[in-house]
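Q: Before we begin, may I ask for a guided reading of this structure, one feature at a time?

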2 protein chains.
Amino acid sequence: MDSATRIRGVLAPVVTPFKPDLSPDSVRFVDHCKWLISQNCGLAAFGTNSEANSMTADERMGLLDALVGAGVDPARLMPGTGCCSIPDTVKLTAHAVKHGCAGVLMLPPFYYKGVSDEGLFRHFSEVVQRVGDSRLRIYVYHIPPVAMVGITATLVERLLKKYPTVVVGMKDSSGDWKNTKLFLDNFAKTGFDVFTGSEAFLLANMRNSGAGTISATANVNAVAIQRLYLEWQQANAEQQQEQLNVVRAALSHKYLMLPALKKTIAIYSNDPEWTRVRPPLVELTAQQGESLAADLRQIGFNMSGLCGLHQ
Amino acid sequence: MDSATRIRGVLAPVVTPFKPDLSPDSVRFVDHCKWLISQNCGLAAFGTNSEANSMTADERMGLLDALVGAGVDPARLMPGTGCCSIPDTVKLTAHAVKHGCAGVLMLPPFYYKGVSDEGLFRHFSEVVQRVGDSRLRIYVYHIPPVAMVGITATLVERLLKKYPTVVVGMKDSSGDWKNTKLFLDNFAKTGFDVFTGSEAFLLANMRNSGAGTISATANVNAVAIQRLYLEWQQANAEQQQEQLNVVRAALSHKYLMLPALKKTIAIYSNDPEWTRVRPPLVELTAQQGESLAADLRQIGFNMSGLCGLHQ
């Protein structure tokens, strides 16, 4: 897959529904994914907001099988595959490549802290070599507030030199625009696709040759985010950005975003099953849920597409 | 297993040898474990210094099978079983219980940061209930410098109330004696066994009704640590503690301890295969190795038992 045909734009780290016994609910998962696809939203399934690391490798592969089996185009998929161990990462990555996914979003191994770039380079090298498939496209995942192990520009430079056709982009969830800008300035011209981890930086990213955004908020606000992605050169782009920020604030300022997103889907699809999370996360309390619903009503949040699909 | 017969004393988070292809080397692993057992050292296999999280669940279970298959007494085993996901944690824990292990050392789920005690309580509860075996004994593992997710006294209090026969102790690798003391003062009298994560706190721990230590250094210095564990009430206990600290400093002040421990075993067993680590960790450089060897010679470090076994 050359640069011209790579996956770009808006992707959602798809939230994962769980059944009462906490097993993954593949029916609701596929439903939600299809709705996102219908809104031109790519699927970065098995990300941080997907509770991917609260699932086993087999559970993740089972959901991906269900998704592709349901006819979702793998060219719209960038599943997360980065685990703490090389063999698990290789297994998930090879499985995604075999399915023809556009790419994989790869966390660094995140148990040991303060590891060297040399150690991370060796980790990613082992994965690339063991997967051993020319179709592999890796997007490295920089999310220091959660993983606590980050991806430096030095590491990316070294990976690009050794694996120029494999390491093709990143998701920057540092929440630090200066960091995103550094990667854009250093690598965007060579075809390295930088996705911001929050749509709050989408306009800035597009103005600096970025590739789009992979944002949890896209689970519920994909249409509006997609619109700014397409219209970022139009006169009202900053207004659009501001409106995106208002929705994001309603979802994240008072609550942990993940349970708030699930609650939002539960509210707008009238399906309380969606509120469930796996420990160690905790769903919103009834009171928080009511407060969230009121906040969303107040800003005129519209998610009718989701309502239609899930009812 | 009632309190009187529980595993106590000195345990080693056993370092894991890897073959040239980075697969676990079960022969060297079993050899090293048998040597530790011969020195009255219990085995907290699959801990932080075992690179447990750099291995898959299957690799860990394979090594435990090899160990028990080789005749090592399960009553001397406290394997690490805590993963980010509930199903992986349950699988490893049930496997250890089935083997008759004395207990399991359980990390909290460590991907999400800033999680609540409520979320952690739900996680441990799910694990206890799903394993559903009255033989299960859990030692919670507090290692905030690495896991970045800690175990509070409030959480332990709640777990003890709900699962008094299951949650029986902890390993405190905070490196903060005040924290260890807090747990000792709150829970030791009720039979909750507190192990320090470093032998630097062994004497203090024993003077405060602690249960012993689970320290990486025991991989190479088990005899001396064991001696202080047995003789902590003798007149020379503080001198013994000081001597332990000298060895620990030689192994950890200039280097990351894990590769330094492996290098030490490689030096004293004349077996360079032992130096290998899995990425993202990196082995000591040749120069660091020479410096470590010189430092150990200088302090008169003696590991002849290991030499004899591995040659």
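A: Certainly; please keep in mind that the model is predicted. A convenient place to start is strand β4 of chain B, residues 138-142, which is mostly covered, with 5 of its 5 residues buried.

Q: Which residues of β4(B) point one way, and which the other way?

A: I138(B), V140(B) and H142(B) point one way, while Y139(B) and Y141(B) point the other way. Residues on both sides of β4(B) are buried.

Q: How should I read the pairing of this strand with its partners?

A: Strands of a sheet pair through backbone hydrogen bonds, either parallel or antiparallel. Here β4(B) pairs in the parallel sense with strand β3 of chain B, residues 104-106, over 3 bridges. Within that pairing, V140(B) is the bridge partner of M106(B). Strand β5 of chain B, residues 167-172, also runs parallel to β4(B), and 5 bridges join the two. There, V167(B) in β5(B) stands opposite I138(B).

Q: Which helix makes a β-α-β unit with β3(B) and β4(B)?

A: The helix is α4 of chain B, residues 117-131, and the unit is right-handed.

Q: What is the order of the strands in the sheet of chain A?

A: The sheet is open and has 7 strands, in the order β2-β1-β7-β6-β5-β4-β3, with parallel pairing. At its edges lie β2 (42-43) and β3 (104-106) of chain A, each of which pairs on one side only. Strand β1 of chain A, residues 9-12, runs parallel to β2(A) and is joined to it by 2 bridges. In this pair, G42(A) of β2(A) is the residue opposite L11(A).

Q: How many salt bridges does a search of the whole structure find?

A: Over all chains, the search finds 34. A salt bridge is counted when a side-chain nitrogen of Lys or Arg is within 4 Å of a carboxyl oxygen of Asp or Glu. One example joins K181(A) and D185(A), with an N to O distance of 3.0 Å. Both residues belong to helix α7 of chain A, residues 177-187, and are 4 residues apart, about one turn of the helix. K181(A) is partly exposed at 28% relative accessibility, and D185(A) is partly exposed at 47%.

Q: Where do E126(B) and R130(B) lie?

A: They both lie in helix α4 of chain B, 4 residues apart, about one turn of the helix. Their side chains meet in a salt bridge of 2.7 Å, N to O. E126(B) has a relative accessible area of 22% and is partly exposed; R130(B), at 38%, is also partly exposed.

Q: Which residue forms a salt bridge with R248(B)?

A: The partner is E199(B), the closest N and O atoms being 2.9 Å apart. This pair links distant parts of the chain, 49 residues apart: R248(B) is in helix α10 of chain B, residues 237-252, and E199(B) is in the loop between β6 (193-196) and α8 (202-207) of chain B. E199(B) counts as buried because its relative accessibility is 0%, and buried means under 20%. Elsewhere, salt bridges that share partners join E118(A), R122(A), R158(A) and E283(B) into one network.

Q: How is the relation between the two chains to be read?

A: Two copies of a chain are related by a rotation about an axis and a shift along it. In this model, a turn of 180 degrees and a shift of 0.0 Å along the axis lay chain A on chain B with an RMSD of 0.0 Å. That relation is the one of a two-fold axis. Of the interface residues of chain A, 100% are also interface residues in chain B, so the copies meet through the same surface.

Technical notes. Residues numbered from 1 in each chain as written. Chains lettered and ligands numbered in written order. Predicted model: local features only at pLDDT ≥ 70, side-chain atom pairs only at ≥ 80, totals over all residues. Heavy atoms only, no water. Least-squares fit on C-alpha atoms with pLDDT ≥ 70 in both. Contact = heavy atoms within 4.5 Å. Buried < 20%, exposed > 50% of the residue type's maximum accessible area, 1.4 Å probe, protein only. Pairing = 2+ DSSP bridges. Right-handed = clockwise from strand over helix to strand, strands pointing away.
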